[in-house]
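Student: Hi! I'd like a close look at one part of this protein, and I'd be glad if you could walk me through it slowly.

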Amino acid sequence: ARAFAAKKFFPRLCLVCLSSNRLFDMDTDPGYVGFANLPSQVHRKAVKKGFEFTLMVVGESGLGKSTLVNSLFLTDLYADRIFPSSADRVKQTVQLETSTVDIEEKGVRLRLTVVDTPGFGDAVDNRECWKPIIKYINMQYEAYLKDEQALNRRNIVDNRVHCCLYFISPTGHGLKPLDVELMRQLHDKVNIIPVIAKADTLTPTECKKLKKKIMTEIEQHKIHIYTGEMDDDDVVGDLKEFMPFGVVGSNTLLEVGGKKVRGRLYPWGVVEVENGEHCDFTQLRNMLIRTHMQDLKEVTQDVHYESFRLQRLKSGSPSAAPRIPKPEIVPDGKNASDADRKLAEKEAELQKMREMMAQMQAQMQMQQQNV
């Protein structure tokens, strides 16, 4: 009877499968319900909204940070940059420059923000030169926390730093004390990916030895870097064997064997940027953009931002504390008892929140110890 009523009032009840563009009829496909289309619905909404990603590049001047970023995203982020003279660099302190560009590829829009740190490591006395960087990262977390607590949370702009590329000089014999101290200050606030700049100045043997030494020093100083470990069978390959990535950046097109390639021309030959035998640029680009960009954002949200949020809640910061309306002062005895009851209920809720925060903090400490 129900089936007859359904056919009477809904003569053609059907579902559309967005993934295969096929029309499913309930009469011919009785086992099809339709929730298999949920990924397609999420995909359609995400593409319509667009994506945001913030990348920070840190390293000494002259290591090719700007060139590498332009090579990664095939754009020119620093067209209007004015390079300081030698006299200006003597007085220069660590500054942060933010560049934002909207990129579109096959209908998918990406709002890319690159945070550069000119002046880092260029002074004679580099003590506490990482403080402006930490201040900027915390400011973005603080702004996001305030937006979350606002009344209208529909259009929150995510300017949190999702990834930090740290450039290591190829001329050194491992990590400098400044490299170690900076990564120790940042590793619990942002995802750090170490890269060896200008790897074309090293032979393959020298590059392997330098990689091994850097990774050994990172483990000795207990620095946590982003290794790209994911519980995803579709992501193939172990990225640990390439870390730190030995990279070469260039936007110059050269002709090699009748093909146009991006590379650097030397008297002895051409270093191809996208050739895996010459450098690790392709592996870095694949991890940063094609396979792990969403994971970088999730780790930022679930680990680093939650850690910052817990610290704010624990310290009782006014921006993070829950707002409780003040009780009305009433002279009436009956109303006074009602006000006392409401205060007791609110106090119980606050106590429950404190216990939950303490449990979450204990769990995070156990996870860090296990790592």
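Student: Could we look at S4 and S5: how many bridges join them, and do they run parallel or antiparallel?

Tutor: Sure. Keep in mind that this is a predicted model. S4 and S5 run antiparallel, and 9 bridges join them. To see one of those pairings, find Thr100: its bridge partner in S5 is Thr113. The two strands form a hairpin, with 2 residues between them.

Now look at the turn. Lys106 sits in the loop between S4 and S5. Its phi is near 55°, a positive value in a residue other than glycine. Is Lys106 buried or exposed? With a relative accessible area of 84%, it is exposed, because the cut-off for that word is over 50%.

Let's step from the hairpin to the sheet around it. The hairpin strands belong to an open sheet of 6 strands, ordered S4-S5-S3-S6-S7-S8, and the pairing is mixed. The edges are strand S4 (97-105) and strand S8 (245-246), each of which pairs on one side only. Helix H7 (residues 204-220) packs on this sheet, where it touches S6, strand S7 (192-196) and S8. The direction of H7 makes about 150° with that of S7.

Go back to S5 and look at how it meets S3. Strand S5 (residues 108-116) and S3 run parallel, with 7 bridges joining them. You can find two of the facing positions by eye: Leu55 stands opposite Val114 in S5, and Val57 stands opposite Asp116 in S5. So what does "mixed" look like in practice? S5 runs antiparallel to S4, while S5 and S3 run parallel.

Next, follow the chain to the other side of the sheet. Lys198 is in the loop between S7 and H7. Like the lysine in the hairpin turn, Lys198 is not a glycine but has a positive phi, here about 50°. Lys198 has a relative accessible area of 39%, so it counts as partly exposed. Past H7, there is another backbone detail to find: Pro244, in the loop between H7 and S8. A cis peptide bond joins Met243 and Pro244, with omega about -10°.

From the sheet, we can move on to the charged side chains. Side chains of opposite charge can pair when their charged atoms come close. In this model the count comes to 7 salt bridges. One of them is between Lys176 and Glu60, whose closest N and O atoms are 3.2 Å apart. This pair links distant parts of the chain, 116 residues apart: Lys176 is in the loop between strand S6 (163-168) and helix H6 (177-186), and Glu60 is in the loop between strand S3 (51-58) and helix H3 (65-73). Notice that S3 and S6 are strands you have already met in the sheet order. Lys176 itself is partly exposed, at a relative accessible area of 33%.

Another pair is Arg285 with Glu274, where the closest N and O atoms are 2.9 Å apart. Arg285 lies in helix H8 (residues 281-291) and Glu274 in the loop between strand S11 (269-272) and H8, so this salt bridge ties together parts that are 11 residues apart in sequence. The partners sit in unlike surroundings: Arg285 is buried, with a relative accessible area of 13%, whereas Glu274 is partly exposed at 41%. There is also a network here, in which salt bridges link Arg262, Glu274 and Arg285.

For a pair within one helix, try Arg309 and Glu306. They form a salt bridge with closest N and O atoms 3.6 Å apart. Both lie in helix H9 (residues 293-315), and their separation of 3 residues is about one turn of the helix. Arg309 counts as partly exposed at 28% relative accessibility. Glu306, at 18%, counts as buried, because the cut-off for that is under 20%.

Finally, zoom out to place the hairpin in the whole chain. The secondary structure comes to 10 helices and 11 strands. Of the 371 residues, 38% count as buried. Among contacts between residues at least 6 apart in sequence, 67% join residues at least 24 apart. The chain exposes about 23,900 Å², with carbon and sulfur atoms supplying 53% of it.

Note on methods: Residues numbered from 1 in each chain as written. Predicted model: local features only at pLDDT ≥ 70, side-chain atom pairs only at ≥ 80, totals over all residues. Heavy atoms only, no water. Salt bridge = Lys/Arg side-chain N within 4 Å of Asp/Glu carboxyl O. Helix = DSSP H or I, 4+ residues; strand = E, 2+ residues; numbered from the N terminus. Buried < 20%, exposed > 50% of the residue type's maximum accessible area, 1.4 Å probe, protein only. Pairing = 2+ DSSP bridges. Contact = heavy atoms within 4.5 Å. Axes fitted to C-alpha atoms, helices over the stretch in contact; angles between N-to-C directions. Areas by Shrake-Rupley, 256 points an atom, 1.4 Å probe, with all protein chains shown as cover.
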